[in-house]
Amino acid sequence: MKLKPLYIVVISCIQISFAQNYEAKVDSLMQLMTLQEKIGQTTMYSGNWDQTGPFVGSDNGKYIREGNMGAMLNAMSVKGTRDLQKIAVEESRLGIPLLFGYDVIHGHRTIFPINLGLSASWDLKMIEESSRIAAEEASAEGIHWTFAPMIDVSREPRWGRISEGAGEDVYLNNRIAEAYVKGFQGDDLSKHNTILACAKHYVAYGAAQAGRDYHTTNMGEGELRNVYLPPFKAAVNAGVEAFMSAFNELNGVPTSGNKFTLRDILRDEWKFDGFVVSDYTSINEMINHGFAKDSIDAAKIGMNAGVDMDMVGDVYRLHLQQLVEDGKVSETYINDACKRILMAKYKLGLFDDPYRYIDEKREATTKYRPEFLAKAQEIASASSVLLQNKNETLPLSNTTNTIAFIGPLVKDKADILGNWAAKGDRYGKAISIFEGLSAYLKPEQILFAKGCDILTDDESGFEEAIKISKQADAIVLVMGEDHHMSGEAASRTDLKIPGIQPKLIRKIREANLTKKITLVLMNGRPLNLSKEVELVDAILEIWFPGTMGGAATADLLFGKVNPSGKLTVTFPRNVGQVPIYYNMKNTGRPIPEHWPKADYKSNYIDVANTPLFAFGHGLSYTSFKYSELKLSSETLTYSNAIEASIEVSNTGKFDGYEIVQLYIHDKVGSVTRPVKELKGFEKVFLKKGQTKTITFTITVEDLKFYNSEMTYGVETGEFEIAIAPHSDFKFKHAFNLID
Ligand code: NOJ
């Protein structure tokens, strides 16, 4: 006989109807729970469908049956989750359903560009759509919860995980955080196609010293509050249901044991009422940090600091009960943590139907739907950035006799998905660039040579590559990083295109002095392209563009789609400039205009201070002209807004999108302010010859920051303002904020 879970029996006995709020239901369920069962809810282990950290074994079936597990990661598929959920619901004392989490980062089956690429679309609607589709596909395979979005601001191209975020800017990260949360969670979590989002990695993980993953972060509270915390606040405001604490320590205190960030800020200031999960064994890792004596101490610190769920570390299950009995952890903390986790399960509808995400038909019919793939193609082309296009090298013409496609990534179907590609099929489904070409070129027009590998120094393919480059009328090189070179634990000290690829580029240029060469780049971070900008004519940055990346790239190369992406992170001239970001401080001896003729200024002696490609940069096949900026008033008050507007005209030969950016500079502050800050943007479509007026409304809200007292507010005075196509400009206009 199939038993009814005890919680259903009891809850119906005490006549709590489903119309009553979740909280009452959770409270009554919790009255039935032992302390160890509550601790069980705060415990997560890993299934075997994937491994996303060092292997840690656990006795999953036993723990589920005992009520010692509330959630699992890396467990999926309808069959897999049904088997596990059945144990939880039918064989544990209270029958509380499990929560299944997974890293659905830039798509689940249908893979979109890596997140840094997605951000380069500056298209919030597309980003929301990409996470909506990811949630559709993931939820159809039993997943309730994604460990995304990653909203770590980062100014560190050496850090492999810069690929998982939205770049260096605070404002853009805020907006993008909201878009992801909306996409994953939808408007109703109880629908079977919506999943919990998780804002990670809280906090300042993107500021790892020297870009080395998991490394120390140190910063003043002002920088923390003005730069690294805002996207997390934006996620809270957007209704994100979960947070993930991080691996790094912050000012000497590991972020998975940091009461200041987890309780004081997240709970007390921001009133976040969802739950916090640790990163993978990050509670235990406080021992290595030198912050916890042993795993008992680590469990104590983690729970007391406000981490509600222990991911894989097994320290909560083992030690929390004793810690409560010894008076070292308050039972209230366990109750609060358990309640938050149960609330999430209620919101997902798992108490109404623990199997609601488990449906063979949905699983079979949801993945790779044609409309998902079409969207992935559209988003991939919108995410690519045309960095350089000398002499209108691009678009290519499909009437050219022959084009040589050279490089280790021309035929690639694995790297093109990027890191963290969830269940994306690296071989079967992904469309390589080579395959994408077939929509535009006949086989006899295509010459191909791999030339070299990404990482080995085998030059035996150079000869063939050079030979076909000489035969062809145009040359396209497809090169970059291997997908393992970005993502977690993939920091680099060198930002050059890896291996012998740069040498092959040089050889091909030497053999073809006048021929037009295009470089298509796949990579997960800003690269040092200082040599390549001289050697090739056009550079198209496609990041790792996902399942439909090859088709999207061909659309761009042949001009069916006009490039519109813009950089969300600065490309340096060399690694020595790092960190280099547009919203820097001025210093007392600002960077001279005409490098290198400057004495005692804040410049390098061996390279210009300017980046190779600035934040916000990205070309189009058409050209855009910006008129003079108009301000509705040069005086802003606390109660009145002002409007800044500009006319943008498409003056070139193609229709296209332009990303129009609003920047403001607070000239004098009680703490110094960045030289410019993005405060708004609009992506606008302009037909050839068309002009549109773009207007931004500015209020005091846009000018607020944390001062040295950690008060959030504005200060009266002069503000420079510009509306520009990228961050590399000089201000010409200003307004005053008066009382
Ligand atoms: C460690 C990573 O830091 C985090 O981003 C991820 O969500 C977890 N592992 C789970 O796979």
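**Around the ligand**

I began with the ligand, which has 14 residues around it (a residue counts as near a molecule if one of its heavy atoms lies within 4 Å of it), and T52, D103, R161, H201 and D279 come nearest. I kept in mind that this is a predicted model, in which local features need pLDDT of at least 70 and side-chain atom pairs count only at pLDDT 80 or more, while totals for chains, interfaces and linings use all residues. Residues are numbered from 1 along each chain as its sequence is written, and side-chain values use heavy atoms, with hydrogens and water left out.

I then looked up polar contacts, meaning pairs of N or O atoms within 3.5 Å. For D279, a polar side-chain atom lies 2.5 Å from an oxygen atom of the ligand. For H201, a side-chain N or O atom is 2.6 Å from an oxygen atom of the ligand, and for K200 a polar side-chain atom lies 2.7 Å from a ligand oxygen atom.

**Backbone entries**

I noted that most residues other than glycine have a negative phi, and that most peptide bonds are trans. Against that background I recorded a cis peptide bond joining Y202 and V203, with omega about 10°; V203 is found in the loop between β5 (198-202) and α9. Here helices (H or I, at least four residues) and strands (E, at least two) are DSSP runs, numbered from the N terminus. I also found that the peptide bond from V578 to P579 is cis, with omega near 0°, and that P579 is in the loop between α22 (549-557) and β17 (624-626). My last backbone entry is D314, a residue other than glycine with a positive phi near 65°, placed in the loop between β10 (310-311) and α14 (315-325).

**Helix pairs**

For the helices I used axes, which are lines fitted to C-alpha atoms over the stretch in contact, with angles from 0 to 180 degrees between N-to-C directions.

I looked first at helix α9 (residues 221-228) and helix α11 (residues 259-269), whose axes come within 14 Å and cross at roughly 55°. That angle makes α9 oblique to α11, since angles under 35 degrees count as roughly parallel, over 145 as roughly antiparallel, 65 to 115 as roughly perpendicular and the rest as oblique. The crossing of α9 with α11 is right-handed, which means that the near helix is turned clockwise from the far one by less than a right angle. In contact (heavy atoms within 4.5 Å), E221, L224 and R225 of α9 meet F260, I265 and E269 of α11. I sorted the residues of this contact into three nonpolar, no polar and three charged, where Ala, Val, Leu, Ile, Met, Phe, Trp, Tyr, Cys and Pro count as nonpolar, Asp, Glu, Lys and Arg as charged, and the others, Gly among them, as polar.

I stayed with α11 and looked up its pairing with helix α13 (residues 295-305), where the axes come within 8 Å and cross at roughly 25°. That makes α11 roughly parallel to α13. K259, L262 and R263 of α11 make the contact with M303, N304 and A305 of α13, and by class I have three nonpolar, one polar and two charged residues there.

My final entry is helix α17 (residues 370-383) with α22, whose axes come within 8 Å and cross at roughly 50°. The two helices α17 and α22 are therefore oblique to each other, and their crossing is right-handed. Q377, A380 and S381 of α17 meet G549, A551, A552, D555 and L556 of α22, a contact with four nonpolar, three polar and one charged residues.

Methods:
Polar contact = N/O pair within 3.5 Å; in protein donor to acceptor, adjacent residues only side chain to side chain.
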